[in-house]
Amino acid sequence: MSAREALSRVLAVAWKDLLTERRTKAGFNGVVFMSATTLLMFGFALGPDPAAIRTAAVGMLWLTVLLSGALAFNRSYELEAEAGAFDALLMYPGGRWAIFAGKLLANLAFVLLVEAITVPLAAVLYDLPVLAPLPGLITVLLLGTIGFVTLGTYYAAMASRVRAREVLLPLLLFPMLVPLLVAAVGATKAVLVGDPMGHGAGWIKLIAAFDIIFLVGTFMTFEYVVGE
Amino acid sequence: MLRGANLTVWPGEVVAILGRNGSGKTTLLRIIATLLRPTRGTAVVLGLDLARDGDAVRRRVALLGHTNAIYPDLTAAENLGFALRMLGRPADRAVIESALGAVGLHGEADTRVRGFSAGMQRRLALARVGLLDPGLLLLDEPYSSLDPEGAELVTARIARMRDAGGSAMVVTHDVVRARRIADRVVALDGGRVVPCGPNDYPFNGDATELSALGGEG
Amino acid sequence: MVESQSPDRVTDVSTAPARVVWVFAILAILAATQAFGFLTSPPDRDMGHLQKIMYVHVPAAWSAFLAFVVVLVASVLYLWKRDDRYDLLAASAAEVAAVLTALTIALGSIWGRPTWGVWWTWDPRLTSTAILLIIIVGYLALRGFVDEPERRARWSAAVGILGALNVPIVYMSVRWWRTLHQPQSSPSTVDPAYAWGLRLNAIAFLLVMIYLVRARYRAARLERIPEMAAEREALSGSVKDV
């Protein structure tokens, strides 16, 4: 299998998943609604004190992204199950990693689009200054989302095929995301509210290391998750 | 669950597999298709070892399972285009149109599959498998939900396979049809292969052999 | 730890009397090393006798960490060799890791109450240990949700490997996040008066861990016997040629 063929397969899977999502919109609308609701609920939980909300805003934003984004991953495989296409998908020649890569790309696009709505909404609700530090903010969001979506897409390949899929995915996924959450909140705070201690770069490096380690780990073991 | 099935399929031969529900027919096909790993025993498909050469086997084996592997929110043409790209080929509109024409779905290329009847979806699934050029064709209940005309398409596909020197294994409940399309009919009983027709075929070449297979499912 | 006997021999890997001897021997060693730690160390300047919780807390944490390493190694070996026994070993080590991690957290909390005045503090090691506990519980939950043994083995091996990869990352990230804690206890950082007690108790805990993993492993093999027997029965029947 040439590199061009492999790339074509990766893009075919991503295109197919995104096209289906664009036509049904079932997942996207639900996840955006969920994230808007979560942002509001966090605000109510903290009470009407603007200072308390602003202090916790970055953490609440990332939690909202993780909690609502996680709803998307099982869907990615349920699509195959509904079409009865799992076997056919596995029988196409070439490495099964291409299937994972395609679904990963589609989920990445999906979650980034959700963020494109969630982050401005959070900026308004929590009074976050997002416009001036936009390039830095986008870098952190992108890096953090890559790690999140990598593990989410990977664990959903298992969780979506057991009885208690709604329970199992968060149980497997969220504890694994703790380092990412800690680093992403640290880096986002450094970008948005200033970085007097100079921790921002360290946090971004940690996110990048997390992404690389788990991209390698998931790509190397995906064959075992879906294979025979 | 298969319990020590032993079966050899020769090139140019069509074998029909009968058997009660739960007798292991689907398991057998899934093992040959590299979708299940036999717990014991060996399987050689077209001269290739299943356990070692899974990817090479997948390039030579096509499976029409009892699910259609058709995405309901894509159009017929998009479904076939996806399959072509997954096979490493360009999604050529002319190839897609002719594949759809071959299964009697002219003019449905840009219709979303969700609106198709069960028989039309089965035809589209057949068109998808028709894109492949396998050495071994595995068909699991290929006639289900097809009208007589659609059933003829399946039979013709099997005949083309035989003429090209390939093999086919067809799981079916239809004994009469099995005798008509197949060179040999076997049955799976209690997970074992039992003959139910003429056997001892003097063929040479890369055979598909299974012996003492155990599989989950 | 992985015996090479055939599945038939699994029942007599160790006879009942020998097992009882093992239990008592290990308990005796543990009691002796605990007594040694108690008797040889002077009360701590600040903590007094509270310090002696270290002889359980720290070795439990070390053994838990070792059990994680066993999960990782056995998971990698399973995917490589596809031998059921590595899967059962990984599962057994994971169960023991869960118990030891929970013990570590409980003891840390008991120690923290009089020392810091709270049962729980967002201290890096306490927090990262809690996350490890959740990761290992997730691993065990996955095993519970998948019925088919071969798929369960593949999936849990993958989850075990990724979970183990995350252990150092969790620890580092949480440490950067919150750096108010005293340095880690090890024989080289604690007062020499406590070092030998710590070392000996670490060995005793290692024995306890090995014993527990072995016992769980043996039980897991016994649970697999009916499945294996069914498989053998299925495959030994006369194979009819066609």
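## Close-up views of a predicted model

**View 1. Helices H3(A) and H8(A) pack at an angle of about 135°, with their axes 9 Å apart.** In this predicted model, the pair is formed by residues 50-83 (H3) and residues 178-193 (H8) of chain A. An angle that is neither under 35 degrees, nor over 145, nor from 65 to 115 counts as oblique, and H3(A) and H8(A) are therefore oblique to each other. Their crossing is right-handed. If you would like to find the contact in the structure, start on H3(A) with Val58(A), Gly59(A), Trp62(A) and Leu66(A). From H8(A), look for Leu181(A), Ala184(A), Val185(A), Thr188(A), Lys189(A) and Leu192(A). Sorted by class, this helix-to-helix contact has 7 nonpolar, 2 polar and 1 charged residues.

**View 2. Chain A meets chain B through 20 residues of chain A and 23 residues of chain B.** Here we look at the side that belongs to chain A. Helix H1 (3-24) and helix H4 (86-91) of chain A each give at least two residues to the side touching chain B. H1(A) provides the largest share of that side, with 9 residues. In terms of residue class, the side of chain A that touches chain B is made up of 10 nonpolar, 4 polar and 6 charged residues.

**View 3. Chain C is built with 6 helices and 0 strands.** Following the sequence, you will meet the pattern α-α-α-α-α-α. Chain C has 242 residues, and 36% of them count as buried. Take the contacts in chain C with a separation of 6 or more: residues 24 or more positions apart account for 79% of these.

**View 4. Ser63(C) sits in helix H2 of chain C.** This helix covers residues 54-81. Ser63(C) counts as buried because it has 27 C-beta neighbours inside 10 Å, where the cut-off is 20 or more. Leaving aside residues up to four places away in sequence, Ser63(C) touches Leu100(C), Phe205(C), Leu206(C) and Met209(C). For a sense of scale, try Leu222(C) as a landmark: Ser63(C) and Leu222(C) are 159 residues apart along the chain, and their C-alpha atoms are separated by 25 Å.

How values were computed. Residues are numbered from 1 along each chain as its sequence is written. Chains are lettered from A and ligands numbered from 1 in the order in which they are written. This is a predicted model: local features need pLDDT of at least 70, side-chain atom pairs count only at pLDDT 80 or more; totals for chains, interfaces and linings use all residues. Helices (H or I, at least four residues) and strands (E, at least two) are DSSP runs, numbered from the N terminus. A residue is buried if 20 or more other C-beta atoms lie within 10 Å of its own, exposed if 12 or fewer, and partly exposed in between; C-beta atoms are placed from the backbone. Two residues are in contact if their C-beta atoms, placed from the backbone, lie within 7 Å. Ala, Val, Leu, Ile, Met, Phe, Trp, Tyr, Cys and Pro count as nonpolar, Asp, Glu, Lys and Arg as charged, and the others, Gly among them, as polar. Axes are lines fitted to C-alpha atoms, for helices over the stretch in contact, and angles run from 0 to 180 degrees between N-to-C directions. A crossing is left-handed if the near helix is turned anticlockwise from the far one by less than a right angle, and right-handed if clockwise.
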